[in-house]
Amino acid sequence: EEIEEALVELRYHAAPNAEQKIEALARARSKETGESVEQARARVVLERPDLYEDYLEDRAAAAKGTSFEPFMARAGRARREKGMTK
């Protein structure tokens, strides 16, 4: 289980992902507005639910083929192309 957990995390962080984009937007917003990064992150997710869906899809993809897959699967969701304008 520990090896699978490490594999999921390595897969997830090996390529750019939605969590990184959310974090970058939150830090920029925090600098602009004076909000804490945590507050800014919450606002980004509320204003960009598409990024949160992408985050969930990224996590599900990282878990594919492991014992975590059933818990992280995104049934009935079509993955948007990463390069699409949102």
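Here are some notes on helix 4 and what packs around it in this predicted model.

1. Ground rules first. Residues are numbered from 1 along each chain as its sequence is written, and side-chain values use heavy atoms, with hydrogens and water left out. As the model is predicted, local features need pLDDT of at least 70 and side-chain atom pairs count only at pLDDT 80 or more, while totals for chains, interfaces and linings use all residues.

2. Helix 4 covers residues 49–63; helices here are DSSP runs (H or I, at least four residues), numbered from the N terminus. Its 15 residues should span 21 Å at 1.5 Å a residue (times one less than the residue count), and the end C-alpha atoms agree, being 21 Å apart. Just after helix 4, G65 has a positive phi of about 85 degrees.

3. The buried residues of helix 4 (under 20% relative accessible area, 1.4 Å probe, protein chains only) include L51, L56, A60 and the charged D50 and R59. Their cover includes helix 1, helix 2, helix 3 and helix 5.

4. Helix 1 (residues 2–13) comes within 8 Å of helix 4, axis to axis, crossing at roughly 130 degrees. Axes are lines fitted to C-alpha atoms over the stretch in contact, with angles from 0 to 180 degrees between N-to-C directions. V8, E9, R11 and Y12 of helix 1 meet helix 4 residues including Y55, D58 and A62 (contact: heavy atoms within 4.5 Å). By class, that contact has six nonpolar, no polar and four charged residues.

5. Helix 2 and helix 4 also have axes within 8 Å, crossing at roughly 145 degrees. From helix 2, A18, E19, K21, I22 and L25 meet L51, Y52, D54, Y55 and D58.

Methods: Helices (H or I, at least four residues) and strands (E, at least two) are DSSP runs, numbered from the N terminus. Buried means under 20% relative accessible area, exposed over 50%, partly exposed in between (1.4 Å probe, protein chains only).
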